[in-house]
Amino acid sequence: MARDEVDLMARQVLRQNDRGTYTVPNGSVYPFQWNWDSAFVAMGFATFDLDRAWCEIESLFSGQWSDGFVPHIIFWKDDAGYFPGPAVWSSGRSPPTSGITQPPVAASTARILWEHDASKMHEMRLRRLFPKMLAWHRWFASARDSQHIGLPVIVHPWESGRDNSPEWDIPASSVDVSRVGAYERRDTGHLDERMRPTRVDYDRYVALLQFGRALNWDHERIGRESPFRVVDVGVTMILLRANRDLLFLADKLGLDDAVTELRSTVDRMERCASWLWDDEIGAYCSRDAVTGRSSQLVTSASFLSFYAGVLDSARDVRLLNHLSRISRSVKFLLPSLDPAVPEFDARRYWRGPAWAVINYLVGNGLQSAGHYDWAERIRADTRRLIEVHGMYEYFCPLSGLGIGGDDFSWTASIWLHWARQ
Ligand code: GLC
């Protein structure tokens, strides 16, 4: 399909999933506002409607709690087609929200929007958003680092945004699911269950939700006491990059105290990121904060160190060797999991398929680190996947087949913002 036809389709997908002030990831499977989806969606809107792009981020932050936390879902309207809905989370907020968060991409988006147009009108919006973004980033450092690792833990696999990645299998195996009770999944009513997380995964998701709810969503306590506490390489690298982008914005806005604070946050995170380096594997891997064990898995998130600006020539060579090896075993980069491990499953969600949003983050990082050929290869693969198959939720890295939900907002957005170029 010609590039401008795909452009039209992508804009059409965003318009069709636009609910006025927020955008749903997909009208049937995901009928609410999702946190990092909105951050990506705003990048797409920015290519043709900058005002609407700012609005997407503003509506996300209108769901922020007073402790700085920004929820992973805002339930602007109830919808029986999704489990677990607002009554299950029972966060007691208005609008109702979930009680867990997601990868903090929003500040990086704010920088992109600002770079589209830094006029006075948009500066006002940025100034209003700035303290909210800073409060969220501070929340990660305070509520999610009770062990003083210098990096935040996630307390639910959904917080990684990479729900069923095998990185969570061992840490989540200690979650007690014996009192979960009966519940009805809705995702497998819309989609083929072979492409979705398993029943065991879901029991753990629900048990961890119930754990947080029983603590009344007291984030400090959950951060200390949750049976699932993992330092996710994805969230870590995304937060580090978001802190750099916030620092850039603080500087532009002349906010000197924030500049000083963010400089020291960035320095600290940069030093501490080494805790995730697994020298035996030769990659950054998520690590269980409860047991200290590395997941020993190379996932698409392992390559986000470039995006975070965590650079080290010896380590980078080893990472690029993995990338090169992986590229020889799939047709399309970037599979969410190393195809050489037994957990690899080309169609099951975050255990193999390629996702446009991760491709963008990794491609962007490789580009800024000067690895232009790899960046271009990942972009070209993403472009082909979308051109040939459409705006799918994710893609089989072996055949290119689009799977999961169709007409997906973040895939359309990544096309407009990055893949089409
Ligand atoms: C799935 C994805 C998550 C995304 C959500 C909405 O749960 O794993 O990353 O935010 O769907 O698209």
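This section describes aromatic pairs, a helix crossing, buried positions and backbone exceptions in a predicted model.

Aromatic contacts were considered across the whole structure, in which 31 aromatic pairs are found. One of these is formed by Tyr30 and Trp34, whose rings are arranged edge-to-face, with a centre-to-centre distance of 5.1 Å and an angle of 85° between the planes. The arrangement is classed as edge-to-face because the angle is over 60 degrees. Both partners are in the buried class: Tyr30 has a relative accessibility of 9%, and Trp34 has a relative accessible area of 6%. Another edge-to-face pair is made by Trp139 and Phe140, with ring centres 5.2 Å apart and planes at 75°. Here too the residues are buried, Trp139 at 2% relative accessibility and Phe140 with a relative accessible area of 2%.

Aromatic rings also take part in arrangements with arginine. The charged end of Arg111 is placed over the ring of Phe248, at 3.6 Å from the ring centre. In a second case, Arg287 lies over the face of Trp275, and the distance to the ring centre is 5.3 Å.

The helix α5, which spans residues 106–116, is largely enclosed by the rest of the structure, because eight of its eleven residues are buried. The buried residues of α5 are Ala106, Ala107, Ser108, Thr109, Ala110, Ile112, Leu113 and Trp114.

Helix packing is illustrated by α11 (residues 233–252) and α12 (residues 256–272), whose axes come within 9 Å and cross at roughly 155°. The two helices are therefore roughly antiparallel, as the angle is over the limit of 145 degrees for that class. The crossing of α11 and α12 is left-handed. On the α11 side, the contact is made by Thr236, Leu239, Leu240, Asn243, Arg244, Leu246, Leu247, Ala250 and Asp251. The α12 side contributes Ala258, Val259, Leu262, Arg263, Thr265, Val266, Met269 and Glu270.

Thr236, located in helix α11, was examined individually. With a relative accessibility of 1%, Thr236 counts as buried, because this value is under the 20% limit. When neighbours within four places in sequence are left aside, the contacts of Thr236 are Leu151, Pro152, Val231, Met269 and Leu276. Of these, Met269 is also listed among the α12 residues that make the contact between the two helices.

Ala273 is placed in the loop between α12 and β4 (277–278). Despite its loop position, Ala273 is buried, at 0% relative accessibility. Its contacts, again without neighbours within four places in sequence, are Leu151, Met237, Tyr284 and Val310. Leu151 thus appears in the contact list of Ala273 and in that of Thr236. The C-alpha atoms of Ala273 and Arg93 are separated by 34 Å, the two residues being 180 residues apart along the chain.

Backbone geometry was considered last. Most residues other than glycine have a negative phi, and most peptide bonds are trans. Two cis peptide bonds are described here. The bond between Phe83 and Pro84 is cis, with omega at about 0°; Pro84 belongs to the loop between β2 (73–74) and α4 (86–89). A cis bond also joins Ser94 to Pro95, likewise with omega of about 0°. Pro95 is found in the loop that runs between α4 and α5.

Positive phi values occur at Asn216 and Gln296, neither of which is a glycine. For Asn216 the phi angle is about 55°. This residue lies in the loop between α9 (199–214) and α10 (219–225) and counts as exposed, with a relative accessibility of 66%. Gln296 has a phi of about 60° and occupies the loop between β6 (287–288) and α13 (305–308). At 35% relative accessibility, Gln296 counts as partly exposed, because the value falls between the limits of 20% and 50%.

Notes:
Residues are numbered from 1 along each chain as its sequence is written. This is a predicted model: local features need pLDDT of at least 70, side-chain atom pairs count only at pLDDT 80 or more; totals for chains, interfaces and linings use all residues. Side-chain values use heavy atoms; hydrogens and water are left out. Rings of Phe, Tyr and Trp (its six-membered ring) pair if their centres lie within 6.5 Å; planes under 30 degrees apart count as stacked, over 60 as edge-to-face and the rest as tilted. Buried means under 20% relative accessible area, exposed over 50%, partly exposed in between (1.4 Å probe, protein chains only). A charge sits over a ring if NZ of Lys or CZ of Arg is within 6 Å of the ring centre and within 35 degrees of the ring normal. Axes are lines fitted to C-alpha atoms, for helices over the stretch in contact, and angles run from 0 to 180 degrees between N-to-C directions. Helices (H or I, at least four residues) and strands (E, at least two) are DSSP runs, numbered from the N terminus. Angles under 35 degrees count as roughly parallel, over 145 as roughly antiparallel, 65 to 115 as roughly perpendicular and the rest as oblique. A crossing is left-handed if the near helix is turned anticlockwise from the far one by less than a right angle, and right-handed if clockwise. Contact means heavy atoms within 4.5 Å.
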